[in-house]
Every structure is written in C-alpha cells, then in structure tokens.
Amino acid sequence: MTSNVHRSSRPKTTHIYQKNLTVESMASSVKISPGAVVCVEAEIRGDVTIGARTVVHPRACIIAEAGPIIIGESNLIEEQVLIINKRPDGHVSSPDDKPQTLIIGSDNVFEVGCRCESLKVGDHNVLEAKAVIGRETELTRGCVIGAFCEATSHGPLPENTILYGERHEQRRQYEKPPDQTLQLDFLMKILPNYHRLKKSTKSSDRGEERTASVKKTSSKS
C-alpha cells in the first residue's frame, strides 16, 4: 500500500464552516449520551451522536454534511479540532447520492487543530496537533498520526502504525498509545467549572443503539 504522508505547509486557522442548516434541524439531530462532556462553545452540526465519557472541548467543530457522524465512548476531542463528514472534493451532488456514515470508535485522541475526514476510525488512535487524515484513509487501531503530518492513502493503515517527522517516516509500534482514562476523569471534573455544557439526550434510544453499534464494529476490527 502506498501511503501519501507529508508535512502540511498550508497555514492553519480556526475552523469556520458555513452550511445552510437550520438551528432547529441541527439541534434535534445532535444526540449526546449521558456521561459525555460537551462544551456549549463546541460547534456541532447535522446528525451527530456522541458516546458516554467522550469529552469535546470549546471551539471543536463536528460537521455531519454528507451523512451521520457516530462517535463512540471515551474519546478526547480538543480545541479547534475539525471532524467532518463531507463529499469528496469535486463531487457533483445528485438525487441518487446515499449518505455515508463516519464512525469513530472508542479511546481516541484528537489533539488541537487536527482535521479528520476519515469515514472509519477504530480504537486507541491519536491524531496529534495539526495532523490531517483524509476521507479514504482508515485508522485501524493503535495508530498515531504525528503533528503536522497528513495521511491521504486509500485503504486502512496497519494496526499500530506511526507517521512522524519532517521526512514523513512510517514505522510500527509494539504497544498501543497510552490510556487516557486519568486525563478524561480530570477534564470531566474541571471543564464544568469553567464552561457551560450541552445537555445530554435523555430519551436517546437511537443514540444508544448507535453507540452500541460502534462497540460491536470495534470489537470485530
């Protein structure tokens, strides 16, 4: 598999994404599981489901444009992260287009300013600051995309792959990335003291089903 990985040279700015969606439709389709911590300052649009114990920082941006986004449990999504499900560049919309779901598993870390368009992210992956992963690239399990690196290959990256450095080197690691439980516990206690939180969706049968489907998908990976 040929992997297109390079250092991003374009300037990075705060994500500002404009889309013709009504506030009512966006609010009714965002489902937050009990136990998730999602700051009000985070921008969430479209059909988005967020699993328990996932932390979404202020100024993070989650945009479900081309289809739903399902985020599993215990993920950390930091400031200025952009997770977006959008049509490929140059795609011409037609009535026959079917929505594709972007699925993120559990225990992933999205560091400040990274961008994720991948339709499938497994468990225990890390996107470091300003990293970019394309729509056609699948993160399997235990992968690390280094700071400022871009991964735009077609197909899955092997488990425990690390992309890093100015020379875009790639190697395998023997251990999965560090567990984030302590950091999540700390943030879940601290963030409510300084930020207002979005309310969880109490009667979210649909959201619970989706979170369960993420678990099943991850366990099969």
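**Strand β10 and its partners.** I looked up L82 in strand β10 and found that its bridge partner in β13 is R115. Strands here are DSSP runs of E with at least two residues, and helices are runs of H or I with at least four residues, both numbered from the N terminus. β10 and β13 (residues 115-116) pair in the parallel sense over 2 bridges; I take two strands as paired if DSSP finds at least two bridges between them. I then checked β7 (residues 61-64), which pairs with β10 in the parallel sense over 4 bridges. In that pairing, the bridge partner of I62 is I83 in β10. Strands of a sheet pair through backbone hydrogen bonds, either parallel or antiparallel.

I also asked which residues of β10 (residues 82-85) are buried on each side. L82 and I84 are buried on one side, I83 and N85 on the other, so both faces are covered. Buried means under 20% relative accessible area, exposed over 50%, and partly exposed in between (1.4 Å probe, protein chains only).

**Basis of the entries.** The model is predicted: local features need pLDDT of at least 70 and side-chain atom pairs count only at pLDDT 80 or more, while totals for chains, interfaces and linings use all residues. Residues are numbered from 1 along each chain as its sequence is written, and side-chain values use heavy atoms, with hydrogens and water left out.

**The open sheet.** I traced 8 strands forming an open sheet of mixed pairing, in the order β3-β6-β9-β12-β15-β18-β21-β22. β3 and β22 (169-172) stand at the edges with a single partner strand each, so one side of each has no neighbour in the sheet. Within this order I looked at β15 (residues 126-127) and β18 (residues 144-145), which run parallel and are joined by 2 bridges. L127 has I145 in β18 as its bridge partner.

**Helix α2.** I compared the span of α2 (residues 181-194) with expectation, which is 1.5 Å times one less than the number of residues. For its 14 residues this gives 20 Å, and the end C-alpha atoms are 21 Å apart, which agrees. L184, L187 and L191 of α2 are buried. The buried residues of α2 pack against β3 (37-38), β6 (55-56) and β9 (76-77).

**S74.** Is S74 buried or exposed? S74 counts as buried because its relative accessibility is 13%. I found S74 in the loop between β8 (69-71) and β9. Leaving aside neighbours within four places in sequence, S74 is in contact (heavy atoms within 4.5 Å) with A52, R53, T54, D107, N108 and L184. L184 is also one of the buried residues of α2.

**T140.** I placed T140 in strand β17 (residues 137-141). T140 is buried, with a relative accessible area of 15%. Not counting residues up to four places away in sequence, T140 touches G122, D123, N125, P156, L157, P158 and E159.

**H154 and the pocket lining.** I found H154 in the loop between β19 (149-151) and β20 (155-157). H154 is exposed, with a relative accessible area of 61%. The C-alpha atoms of H154 and T137 are separated by 5.2 Å, although these residues are 17 residues apart along the chain.
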